[in-house]
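Good morning, everyone, and thank you for making room for me today. I would like to walk you through a structure slowly, so please keep the picture in view while I talk.

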Amino acid sequence: MELRKRDYHVERPLMNQEQLEELGCWTSATRTHQWRTWFQCSRARARALLFQHLPVLAWLPRYRLRDWLLGDLLAGLSVAIMQLPQGLAYALLAGLPPVFGLYSSFYPVFIYFLFGTSRHISVGTFAVMSVMVGSVTESLAPDENFLQGVNSTVDEVARDGVRVQLASTLSVLVGLFQVGLGLVRFGFVVTYLSEPLVRAYTTAASVQVFVSQLKYVFGLQLSSHSGPLSLIYTVLEVCSKLPWSVMNTVGTMVTALVAGVVLVLVKLLNDKLRRYLPMPIPGELLTLIGATGISYGVGLKARFGVDVVGDIPAGLVPPAAPSPQLFASLVGYAFTIAVVGFAIAISLGKIFALRHGYRVDSNQELVALGLSNLIGGIFQCFPVSCSMSRSLVQESAGGNTQVAGAVSSLFILIIIVKLGELFRDLPKAVLAAAIIVNLKGMLKQFADIRSLWKSNRMDLLIWLVTFVATILLNLDIGLAVSVVFSLLLVVVRTQLPRYSVLGQVPDTDIYQDVVEYSEAREVPGVKVFRSSATMFFANAELYSDALKQRCGVDVDHLISQKKKRLRKQELKLKRLQKSLQKQAGAPSSQGFLPPVLLLNPRALPPGLSSWPHLSLLPP
């Protein structure tokens with residue numbers, strides 16, 4: 001299509017604020033105070049509040065039984081098959097007995113079914129949350145505090161009891177933070193966690209997860225390290241004890257290697273046959289069942305010294321109150337875990353909501369996740385969030401609502417009550433291999449470095465600082481440093497905006513930077529100046545300097561010249577008044593000009609007819 005050259009002509013009178021308000025009949029808008037609606041009481045408002053804070057009452061009566069039930073049942077079963085091995089493995093990652101991973105896969109999932117607004121995310125154990133919990137339990141209850149006997153063996157029963165109390169109390173605190181922030185509508189807090197920051201943080205956390213599982217893969221007994229540089233100390237200790245592991249724990253390494261190869265092959269097979277399979281092959285579950293059977297039949301623990309899960313008690317544990325004495329030592333960790341867990345959940349929830357055309361309430365999601373952690377902590381669970389891998393499976397298997405989550409939680413309940421004790425001979429090395437293989441998705445985020453180098457160097461800087469800070473300073477301090485650095489970078493960006501003068505691209509109505517587009521031409525008599533940042537007090541002076549420089553007009557010089565000319569005109573006027581008063585013989589105190597001058601403005605010198613002190617009559 002041929003583009004015609006367009007001529008623009010804009011003409012309007014100049015007005016000050018008072019004239020604009022008079023012309024537009026301005027009136028002050030009536031302000032409505034939001035807090036006044038909080039104290040209004042009516043049946044409609046009570047119903048709206050009930051549906052807002054208990055969303056299941058809104059969508060469950062409209063549930064399409066024929067269209068959605070089969071898909072939700074298949075999705076729930078698929079998620080439960082993944083949830084079982086991941087729950088056992090991620091409990092190990094959190095430094096707890098594996099059965100507590102099953103508890104954390106049941107209670108929080110069912111609570112989220114009642115209070116959540118996302119239809120597709122799978123709430124439960126997650127690697128990043130588990131490694132954050134593990135850093136807390138291992139730092140506050142290290143193995144060195146439970147040594148007994150001459151051989152300095154660890155009292156695992158006492159240690160696990162203390163760690164379970166720490167994790168459950170931590171979950172209660174995390175839930176309190178999330179519920180409180182959600183009720184005061186503080187869901188926007190995650191907007192300060194940019195996407196490069198979150199992806200770099202989860203990548204660094206996956207490296208922490210990988211390193212933490214090396215002791216199970218090689219059958220090592222490592223010291224507990226916490227605080228800054230703890231990851232470096234752990235890697236150095238693993239390297240120093242690796243020759244001993246090669247000589248004494250060959251059975252454990254072979255078990256982990258075989259399990260890892262099988263899991264990778266099953267995942268590759270799932271990728272190849274994705275189009276033809278109604279649901280993915282449950283490689284993790286099949287591997288766990290096969291490894292448990294081989295361990296029981298061959299006697300891996302007795303013959304080769306392979307460490308196994310041990311007794312898994314059947315049934316649910318009674319609720320227990322959190323320990324208030326631990327609040328002071330856990331409050332900092334709890335706030336960090338609360339923010340990270342919500343950031344992961346809401347980002348995934350918004351992705352699925354955008355894909356399927358519904359809305360996710362960030363504040364209600366914060367409340368729902370908080371209640372899941374709060375009630376779960378009372379029932380001996382550790383903090384949870386949502387898993388990307390399970391959420392993708394729930395969506396791809398045909399899940400339409402959180403009925404799929406309820407189905408998966410009921411399936412986990414059956415395992416806890418009846419089938420959990422069958423996994424007592426499961427090697428821990430197999431669980432470690434499952435965790436490491438599942439880190440593939442997060443470790444692939446290292447490719448962000450290349451893409452950000454091409455697209456946005458500032459975001460790349462945030463990514464690198466977040467990753468390095470999290471690796472060196474641990475998960476809690478690393479997150480704080482990353483957020484502070486990101487906010488400081490925002491301030492720096494406002495001080496270093498991009499200024500440009502725009503010109504019209506020939507035969508279009510598009511305006512681009514005349515430096516970048518050689519054919520762009522400025523409109524004669526008009527300067528179009530653009531800034532990439534909003535002007536406010538901190539960059540106003542920089543904006544002014546750039547405007548003067550780009551437009552080629554020295555405003556300060558013009559103002560000074562104007563003041564000089566005004567002073568010269570004042571001096572001329574005073575001299576003229578004195579000369580006229582002398583000629584007319586009028587006293588100088590009267591301060592007026594002769595009537596002849598008032599009647600004949602042509603008698604004044606040029607430039608004085610517009611002087612504000614002279615009131616001239618028409619000639």
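I will go through two helix pairs and then a few single residues.

Before we start, please keep in mind that what you see is a predicted model.

Let me begin with helix H16, which covers residues 327–356, and helix H18, which covers residues 388–396; these two pack with their axes 11 Å apart, at an angle of about 20 degrees. Since angles under 35 degrees count as roughly parallel, that angle makes H16 roughly parallel to H18. The crossing of this pair is right-handed. If you would like to find the contact yourselves, look on H16 for Leu348, Phe352, Arg355 and His356, and on H18 for Met388, Ser391, Leu392 and Glu395. Sorted by class, the residues of this contact are 4 nonpolar, 2 polar and 2 charged.

It may help here to recall that an α-helix has 3.6 residues a turn, so residues three or four places apart point the same way.

Staying with H18, which of its residues are buried? They are Arg390, Ser391, Val393, Gln394 and Glu395, and these buried residues pack against helix H5 (65–93), strand E1, helix H16, strand E4 (385–387) and helix H19 (403–419). Just after H18 comes Gly398, which takes a positive phi of about 105 degrees.

Now for the second pair, H7 and H19, whose axes are 9 Å apart and whose packing angle is about 155 degrees. Because angles over 145 degrees count as roughly antiparallel, H7 is roughly antiparallel to H19. The crossing in which H7 passes H19 is left-handed. H7 brings Val109, Phe110 and Phe113 to the contact, while H19 brings Val403, Gly405, Ala406, Ser408 and Ser409. By class, this contact holds 5 nonpolar and 3 polar residues, and no charged ones.

From H7 we can step into the loop that joins helix H7 (107–115) to strand E1 (122–124), where Thr117 lies. Is Thr117 buried or exposed? Its relative accessible area is 18%, and because buried means under 20%, Thr117 counts as buried. Leaving aside residues up to four places away in sequence, Thr117 touches Pro55, Tyr112, Tyr358, Arg359, Val360, Asp361, Gln364 and Glu365. For one of these, Asp361, there is a further detail, namely that its backbone nitrogen lies 3.4 Å from a polar atom of the Thr117 side chain.

Next, let us return to helix H16, where Gly341 is found. Gly341 has a relative accessibility of 0%, and it therefore counts as buried. Not counting residues up to four places away in sequence, Gly341 touches Met129, Leu369 and Ser385. Between Gly341 and Glu237 there are 30 Å in space, C-alpha to C-alpha, and the two are 104 residues apart in sequence.

My last residue is Leu60, which lies in the loop between helix H4 (56–59) and H5. With a relative accessible area of 38%, Leu60 is partly exposed. If you trace from Leu60 to Val238, the two are 178 residues apart in sequence, and their C-alpha atoms are 52 Å apart in space.

To close, I would ask you to look once more at the two pairs, with H16 roughly parallel to H18 and H7 roughly antiparallel to H19. Thank you for listening.

Note on methods:
Residues numbered from 1 in each chain as written. Predicted model: local features only at pLDDT ≥ 70, side-chain atom pairs only at ≥ 80, totals over all residues. Heavy atoms only, no water. Helix = DSSP H or I, 4+ residues; strand = E, 2+ residues; numbered from the N terminus. Buried < 20%, exposed > 50% of the residue type's maximum accessible area, 1.4 Å probe, protein only. Polar contact = N/O pair within 3.5 Å; in protein donor to acceptor, adjacent residues only side chain to side chain. Contact = heavy atoms within 4.5 Å. Axes fitted to C-alpha atoms, helices over the stretch in contact; angles between N-to-C directions. Parallel < 35°, antiparallel > 145°, perpendicular 65-115°, else oblique. Left-handed = near helix turned anticlockwise from the far one by under 90°. Nonpolar A, V, L, I, M, F, W, Y, C, P; charged D, E, K, R; others polar.
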